[in-house]
Amino acid sequence: MYHTYVQSRVRRLFEAVSRGDSDPVLSLFARRFEHVFLGSHALGGSRTTLAATREWYARLYRLLPDIRFDLTRIWVSGGPWKTTVVIEWNETNSGTDNVHTTNYGIHALELRWGRATRLIICPAEPLSL
């Protein structure tokens, strides 16, 4: 039952991001957390403050204003005290140059009592932003 709830919540979070609304994701983070996007490009790097993470989402929406996610699989492991979630996704966007691109990858999410302590975003293809 708990794993089904987590899967549903994750789907709602990705739907919000696809609508251009990062607030539900930002409200998920614990007091201490790490937000990482792998790669050497405009979105790459690590953040540990809510202000820096909020700015990262603002940059995401500036660079990829119509970003959309299609979730293909969600794996949930563990209990509420320490939950690991892996989300496999396909993503589409037109970027600021209106060139339609697609990407795929995973998000690895660690939750403790319902709060995100680590989010690692792993695109399968390097972004050329």
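What follows is a conversation between a visitor and a guide about this predicted model.

Visitor: How do you know what the order of helices and strands is along the chain?

Guide: Happy to start there. The chain has three helices and six strands, and reading along the sequence gives α-α-β-β-α-β-β-β-β.

Visitor: What makes the radius of gyration agree with a compact globule?

Guide: For 129 residues, a compact globule would have a radius of gyration near 14 Å, and the chain has 14 Å, so the two agree. As for extent, the C-alpha trace spans about 45 × 30 × 25 Å along its principal axes.

Visitor: How much of the chain counts as buried, and what is the cut-off?

Guide: Buried means under 20% relative accessible area, and 39% of the 129 residues count as buried. The accessible surface of the chain comes to about 7,300 Å², with 54% of that belonging to carbon and sulfur atoms.

Visitor: What share of the contacts comes from residues 24 or more positions apart?

Guide: Such residues account for 48% of the contacts in the chain with a separation of 6 or more.

Visitor: Now to the rings. Why is the pair of Phe14 and Phe69 called edge-to-face?

Guide: A good pair to pick; a search of the whole structure finds six aromatic pairs. Ring centres must lie within 6.5 Å to pair, and planes over 60 degrees apart count as edge-to-face. Phe14 and Phe69 are 5.2 Å apart centre to centre, with 80° between the planes, so they meet both conditions and form an edge-to-face pair.

Visitor: Why does the pair tie together parts that are apart in sequence?

Guide: Phe14 belongs to helix H1 (residues 2–18) and Phe69 to strand S3 (residues 68–79), so the pair ties together parts that are 55 residues apart in sequence. Both Phe14 and Phe69 are buried.

Visitor: What makes Phe69 and Trp89 an edge-to-face pair too?

Guide: The same test applies. Their centres are 5.3 Å apart, within the 6.5 Å limit, and the planes stand at 90°, which is over 60, so this pair is also edge-to-face. The pair links distant parts of the chain, with Phe69 in strand S3 and Trp89 in strand S4 (residues 82–93), 20 residues apart. Trp89 is buried, as is Phe69. Together, Phe14, Phe69 and Trp89 form one aromatic cluster.

Visitor: How do you know whether Gly105 is buried or exposed?

Guide: Its relative accessibility is 7%, and the cut-off for buried is under 20%, so Gly105 counts as buried. Gly105 sits in strand S5 (residues 101–112). Leaving out residues up to four places away in sequence, Gly105 touches Ile87, Glu88, Trp89, Cys122, Pro123 and Ala124. Trp89, one of these, is also part of the aromatic cluster. By contrast, the C-alpha atoms of Gly105 and Leu50 are separated by 24 Å.

Visitor: What is notable about the phi of Asn98, and is that residue buried or exposed?

Guide: Asn98 has phi near 60°, a positive value in a residue other than glycine. Asn98 is found in the loop between S4 and S5. Its relative accessibility is 65%, and exposed means over 50%, so Asn98 counts as exposed.

Visitor: And why is Trp113 called exposed?

Guide: The relative accessible area of Trp113 is 62%, which is over 50%, so Trp113 is exposed. Trp113 lies in the loop between S5 and strand S6 (115–123), and has a positive phi of about 50° although it is not a glycine.

Notes
Residues numbered from 1 in each chain as written. Predicted model: local features only at pLDDT ≥ 70, side-chain atom pairs only at ≥ 80, totals over all residues. Heavy atoms only, no water. Helix = DSSP H or I, 4+ residues; strand = E, 2+ residues; numbered from the N terminus. Rg over C-alpha atoms; globule rule 2.2 N^0.38 Å. Buried < 20%, exposed > 50% of the residue type's maximum accessible area, 1.4 Å probe, protein only. Contact = heavy atoms within 4.5 Å. Areas by Shrake-Rupley, 256 points an atom, 1.4 Å probe, with all protein chains shown as cover. Phe/Tyr/Trp six-rings, centres within 6.5 Å; stacked < 30°, edge-to-face > 60°.
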